[in-house]
Amino acid sequence: MKFRYAMVCSSNQNRSMEAHSLLKKQGFDVSSYGTGAHVKLPGPSLREPNVYEFGTPYKHMFDDLRRKDPELYKRNGILPMLKRNLSVKLAPQRWQDNAADGCFDIVFTFEEKVFDMVLEDLHNRDQVLLKSVLVINLEVKDNHEEAAIGARIALDLCEQIEDVESWEDSIDDIMVSFENKHRRKLLYSISFY
């Protein structure tokens with residue numbers, strides 16, 4: 001594969017990790033991140049989420065929730081999601097703290113708020129290399145079914161991008177073709193490192 005990809009959602013749990021897992025299986029050079037202040041997972045009620053710091057291992061979260069209420073977290077899909085996550089990487093990472101990971105060519109976000117945060121962060125970084133990065137928002141609801149669909153759609157778009165010599169020269173045509181095929185509107189912007 002020619003390009004390095006980053007998948008970004010709010011907590012680096014569901015949407016970004018589903019896409020990370022699928023792209024990794026297909027041989028892409030991919031990483032994933034979240035943009036939130038903390039990692040939030042559903043709890044016993046809306047007012048009682050489970051909150052963890054970025055960097056807390058997925059295995060720790062899995063064991064913690066299995067200890068708290070194994071039936072609830074199995075039924076709502078959180079334990080299977082965490083099990084998938086720990087097979088992909090050790091712990092959720094925060095986008096704003098990823099400078100040591102190097103530059104990415106393409107960054108996917110899965111909600112507009114995250115798209116805005118990634119662009120703001122890129123704008124605020126020291127732009128030493130002036131390397132272009134394509135940031136694409138593919139709006140995906142934060143549930144397990146939609147995350148799986150979103151990951152397959154992201155894979156399709158990544159494959160289209162890989163098929164061209166230079167995404168910079170072809171991006172508008174790629175986006176129009178993609179939007180017509182999937183009937184999904186995309187936001188995208190070119191930024192620099």
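**Exercise 1. State which residues of the lining lie nearest the centre of the largest pocket, and characterise that lining.**

*Solution.* In this predicted model, the largest pocket is lined by 19 residues, and N14, K40, P42, I78 and D142 are the ones nearest its centre.

Step 1. The volume of the largest pocket is about 340 Å³.

Step 2. Sorted by class, its lining consists of six nonpolar, seven polar and six charged residues.

Step 3. Three elements, strand 3 (39-41), helix 4 (78-88) and helix 6, each contribute at least two residues to the lining.

Step 4. At the level of domains, at least three lining residues come from each of domain 1 (5-36 + 94-192) and domain 2 (39-88).

**Exercise 2. Describe how domain 1 and domain 2 are placed relative to each other.**

*Solution.* Step 1. The domain assignment divides the protein into domain 1 (5-36 + 94-192) and domain 2 (39-88).

Step 2. Between the C-alpha centres of domain 1 and domain 2 the distance is 24 Å. The contact involves 15 residues from domain 1 and 15 residues from domain 2.

**Exercise 3. Determine whether Y73 is buried or exposed, and identify its surroundings.**

*Solution.* Step 1. Y73 belongs to helix 3 (residues 70-75).

Step 2. The cut-off for a buried residue is under 20% relative accessible area. Y73 has 2% relative accessibility and therefore counts as buried.

Step 3. Leaving aside residues up to four places away in sequence, Y73 touches P42, G43, P44, N50, L65, K68, I78, L79 and P80. Two of these contacts, P42 and I78, recur among the residues nearest the centre of the largest pocket.

Step 4. Y73 and K89 are separated by 16 residues in sequence, and their C-alpha atoms lie 20 Å apart.

**Exercise 4. Analyse the largest nonpolar core and the contacts of I136.**

*Solution.* Step 1. This core has 28 residues, and those that touch the most other members are Y5, M7, I106, F108, I136, L157 and I161.

Step 2. At least two core residues are supplied by each of strand 1 (4-9), helix 1 (15-25), strand 5 (106-109), strand 6 (132-137), helix 6 (144-162) and helix 7 (167-182). Helix 6 provides the largest share, seven residues.

Step 3. With residues up to four places away in sequence not counted, I136 touches I106, V107, F108, T109, F115, L157, I161, M175, L186, L187 and Y188.

Step 4. A second core, separate from this one, has 16 residues, including F54, M61, F62 and L79. L79 is also one of the residues that Y73 touches.

Note on methods: Residues numbered from 1 in each chain as written. Predicted model: local features only at pLDDT ≥ 70, side-chain atom pairs only at ≥ 80, totals over all residues. Heavy atoms only, no water. Core = buried A, V, L, I, M, F, W, Y, C linked by side-chain atoms within 4.5 Å. Buried < 20%, exposed > 50% of the residue type's maximum accessible area, 1.4 Å probe, protein only. Helix = DSSP H or I, 4+ residues; strand = E, 2+ residues; numbered from the N terminus. Contact = heavy atoms within 4.5 Å. 1 Å grid on protein atoms, 1.4 Å probe; cavity = no way out; pocket = protein on both sides within 12 Å on 5 of 7 lines; lining within 4 Å. Points joined across faces, edges and corners; volume = space filled by probe spheres on them. Nonpolar A, V, L, I, M, F, W, Y, C, P; charged D, E, K, R; others polar. Domains from an automatic or database assignment.
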